[in-house]
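Student: I am new to this structure. Please take me through a close look at its charged side chains.

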Amino acid sequence: MRNINTVKQEFLKKWIWGLRKYSSQKKNMSLLERKKAIKLSADLAMASTRNKTTRWSKALIANASKSSSNKVLTEHVLGSSPPPQRVRKSSANYSHSTRMRSCRRRKRAVHRPKDRVVASFIAKKLVQKRTRRLKSLLPGGEFMDDVSLVEETLDYVESLRAQVEVMRCLVTASELMILNPS
């Protein structure tokens, strides 16, 4: 990932730009519409700071551009580039790797004591459950293999952390402006 301060500056610029565009489209927004505008603008700004190099950023952009009301904002924040297509995992690689793992499992299970087999089965089920949960949390995660999922999650968490820091600074600055008007 690039320098975190550069990412934060770029995020803030694009986020405010998106908020301005959204608010210019609708003059009187309800609280729910404002919440949607803030989240949508923040998601698009965060995804655009990654220059569409990650699957999660492509998924966020694709999800945002599905709605016709969001297309104008999406194009405004990202430029006029078309939304990316979903990336699916190759089924040929998946079936081959699954078969290889099942063959290895059968050979090993024969030589293990029963307690170790049960413990290994429980551990595997827990990992599968947590992997499914992580895939549901990460934008575009349902189409990723396990290695890509971990790499993309780390990148997504870094981007979320930068986003939160920018938002905290903005809130602190606005509180100072309210408390000490000049």
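Which residues gather in a patch of positive charge on the surface?

Tutor: This is a predicted model. The patch of positive charge on the surface brings together Lys124, Lys125, Lys129, Arg130 and Arg132.

Take Lys124 from that patch. Lys124 sits in helix H6, which covers residues 114–137. Its relative accessible area is 32%, so Lys124 is partly exposed. A patch residue needs over 30% relative accessible area and no salt bridge. Lys124 has 32%, so the area condition is met.

Now turn to charges that pair up. The structure holds four salt bridges. Three of them are described here, one by one.

Start with Glu165 and Lys8. Their side chains meet in a salt bridge, at 2.2 Å from N to O. This pair links distant parts of the chain. Glu165 belongs to helix H7, residues 146–179. Lys8 belongs to helix H1, residues 4–25. The two are 157 residues apart. Glu165 has a relative accessibility of 30%, so this residue counts as partly exposed.

Next come Lys14 and Glu10. Their side chains also form a salt bridge, with 3.3 Å from N to O. Both residues lie in helix H1. They are four residues apart, so about one helical turn separates them. Lys14 and Glu10 are both buried. Buried here means under 20% relative accessible area.

Then look at Asp155 and Arg50. Here the side chains meet in a salt bridge of 2.9 Å, N to O. This pair, too, links distant parts of the chain, 105 residues apart. Asp155 is in helix H7. Arg50 is in the loop between helix H2 (31–49) and helix H3 (55–64). Asp155 and Arg50 are both buried.

One more stop is in helix H2, where Ser48 is found. Ser48 has a relative accessibility of 5%, so Ser48 counts as buried. A polar atom of the Ser48 side chain lies 2.9 Å from the backbone oxygen of Ala45.

Put the picture together. On the surface, Lys124 and its patch partners Lys125, Lys129, Arg130 and Arg132 gather positive charge. Helix H1 holds Lys8, which pairs with Glu165 of helix H7. Helix H1 also holds the buried pair of Lys14 and Glu10. Helix H7 holds Asp155, whose partner Arg50 sits in the loop between helix H2 and helix H3.

Notes
Residues are numbered from 1 along each chain as its sequence is written. This is a predicted model: local features need pLDDT of at least 70, side-chain atom pairs count only at pLDDT 80 or more; totals for chains, interfaces and linings use all residues. Side-chain values use heavy atoms; hydrogens and water are left out. Patches are made of residues with over 30% relative accessible area and no salt bridge: like charges are joined within 9 Å, nonpolar side chains (Val, Leu, Ile, Met, Phe, Trp, Tyr) within 5 Å. Accessible areas come from the Shrake-Rupley method with a 1.4 Å probe; for residues, only the protein chains shown count as cover. Lys and Arg count as positive and Asp and Glu as negative; His and the chain ends are not counted. The place of a charge is taken as NZ of Lys, CZ of Arg, CG of Asp or CD of Glu. Buried means under 20% relative accessible area, exposed over 50%, partly exposed in between (1.4 Å probe, protein chains only). A polar contact is a pair of N or O atoms within 3.5 Å; within protein, one must be able to donate a hydrogen and the other to accept it, and residues adjacent in sequence count only if both atoms are side-chain atoms.
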